[in-house]
Amino acid sequence: MPILTAACGLALSIVSGTPAPASAPERWTAFRGSDGSGISQAEGLPLRWSETENVRWKTPVHGRGWSSPVVWGDQVWITTASEDGRTMSAMGVDRETGRVVHDLLLFENEEPDYCHPTNSYASPTPAIEDGRVYLHFGTYGTACVDTASGDVLWRRRDLNCDHFRGPGSSPILHGDLVILHFDGFDRQFVAALDKRTGETVWRRDRDIDYGTDNGDYKKAYSTPLVIEHGGRAQLISPAAVATIAYDPATGEELWRVRHGAMNAAARPVYAGGLLYVAPGDGNFRLQAVRPDGAGDVTDTHVVWKTNQSVPRRSTPLVLGELLFMMEDGGTASCLDARSGEQVWRERVAGAYWASPVAAGGRVYFFSQEGRTPVIEAGREFRIVADNQLDAGFNATPAIAGRAIYARTFTHLYRLENGTAAEGGQ
């Protein structure tokens with residue numbers, strides 16, 4: 001059962017449905033979409049697919065990478081790397097045909113650090129806007145590329161940490177800034193770069209009492225989120241042990257919540273006036289927090305918390321008053337987003353590290369075995385379709401227009417109604 005705190009009564013009155021994403025449904029500009037919710041307003045998406053049904057195109061992807069696709073205009077971009085991490089690349093694919101337009105070698109590494117077999121050297125998802133895509137490989141480098149010409153406009157290789165298990169956090173854009181997380185074994189900091197030049201605008205070291213000198217307990221892999229609450233912009237920045245809200249323009253701390261744990265991977269979710277934070281390994285792996293405080297809000301602004309069937313890697317979805325998630329080992333669950341009370345919990349076969357996405361009242365899950373169950377986004381568990389592709393997923397899909405752009409371990413797919421499989425090469 002969820003643990004309710006003294007703040008619960010204050011929060012229940014302000015929770016409402018998830019606001020519609022502000023960005024156009026033809027675009028998917030960052031990890032979990034343009035607003036970070038994982039929700040699209042697109043209509044007419046495919047419900048069923050296979051290797052021979054509802055595949056507009058299928059394009060091979062060389063190397064290995066868990067980064068998600070991003071979509072802008074007539075292009076889809078992903079990153080990839082060699083298995084040994086010596087080369088790191090970006091691919092720009094024609095959205096209509098699946099043809100590879102750009103295949104760019106961005107970084108070479110003579111002696112890359114160790115990367116855990118469950119991770120990849122190309123796990124951070126790009127961020128894209130009109131004419132530019134920002135490609136990040138953690139400590140190995142960040143680059144800005146002109147999406148038309150493929151020219152590299154700037155590179156940075158001097159923002160470094162020891163990821164210890166490989167990079168994970170994705171870049172985000174806010175105004176003229178590219179914001180990056182570096183929560184490593186040896187050092188932990190947040191950096192904001194001028195997106196036009198790549199120069200550092202501000203850098204903030206983590207001021208966190210981790211309670212240990214062991215750097216393994218200081219690591220985190222989460223992607224930050226910028227929200228506006230009560231007329232105030234906030235950079236919600238999960239780390240090991242605590243989540244901190246910064247002023248995105250200056251890096252000044254606004255508030256923090258202490259939750260313990262390490263290896264935070266899920267992106268924060270903001271819906272109905274509440275933040276949902278999944279701090280990784282720990283006793284309570286999902287917490288709902290009111291983001292209207294100052295200083296340390298641990299004892300005053302945590303509305304509820306739970307450890308029941310919470311995923312360690314994927315990010316939950318909040319649709320209206322319901323929160324949906326898929327635990328790594330294949331247990332799907334639905335909670336009341338206001339109270340944390342469980343609505344239902346069901347076992348689904350497979351292993352799930354990719355984050356779910358939602359559109360049209362449905363939630364789409366993507367497993368490491370290539371299975372893609374689709375459920376109704378409701379108070380009763382009901383699978384409405386169960387699909388299968390040849391290879392599995394660690395990358396979260398993108399949605400744009402009437403198509404799902406899904407990256408398996410081997411290929412990038414455009415899934416769309418009324419189409420048969422076509423090669424993208």
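User: What does the secondary structure of the chain come to?
Analyst: The chain has one helix and 34 strands. These are DSSP runs numbered from the N terminus, with helices being H or I of at least four residues and strands E of at least two. The model is a predicted one, in which local features need pLDDT of at least 70, side-chain atom pairs count only at pLDDT 80 or more, and totals for chains, interfaces and linings use all residues. Residues are numbered from 1 along each chain as its sequence is written, and side-chain values use heavy atoms, with hydrogens and water left out.

User: Why is the chain called as compact as a globular protein of that length?
Analyst: Its radius of gyration is 20 Å, close to the 22 Å that the globule rule gives for 425 residues, so the chain is as compact as a globular protein of that length. The radius is taken over C-alpha atoms, and the rule is 2.2 Å times the number of residues to the power 0.38. Along its principal axes the C-alpha trace spans about 60 × 50 × 35 Å.

User: How much of the chain is buried?
Analyst: Of the 425 residues, 61% count as buried. Buried means under 20% relative accessible area, exposed over 50%, and partly exposed in between (1.4 Å probe, protein chains only).

User: And which share of contacts comes from residues 24 or more positions apart?
Analyst: Such pairs account for 56% of the contacts with a separation of 6 or more, where contact means heavy atoms within 4.5 Å.

User: Turning to N54, where does it lie?
Analyst: N54 lies in the loop between α1 (8-12) and β2 (55-60).

User: Is N54 buried or exposed?
Analyst: N54 counts as buried because its relative accessibility is 10%.

User: Which backbone atoms does its side chain reach?
Analyst: The side chain of N54 reaches the backbone oxygen of R48 at 2.7 Å and the backbone nitrogen of G418 at 2.8 Å. A polar contact here is a pair of N or O atoms within 3.5 Å; within protein, one must be able to donate a hydrogen and the other to accept it, and residues adjacent in sequence count only if both atoms are side-chain atoms.

User: What else is N54 in contact with?
Analyst: Leaving aside neighbours within four places in sequence, the contacts of N54 include P46, W49, R414 and T419.

User: Different topic: which strand holds E346?
Analyst: E346 is in strand β27, residues 342-347. At 34% relative accessibility, E346 counts as partly exposed.

User: What does E346 touch?
Analyst: Not counting residues up to four places away in sequence, E346 touches G330, T331, A332 and F381.
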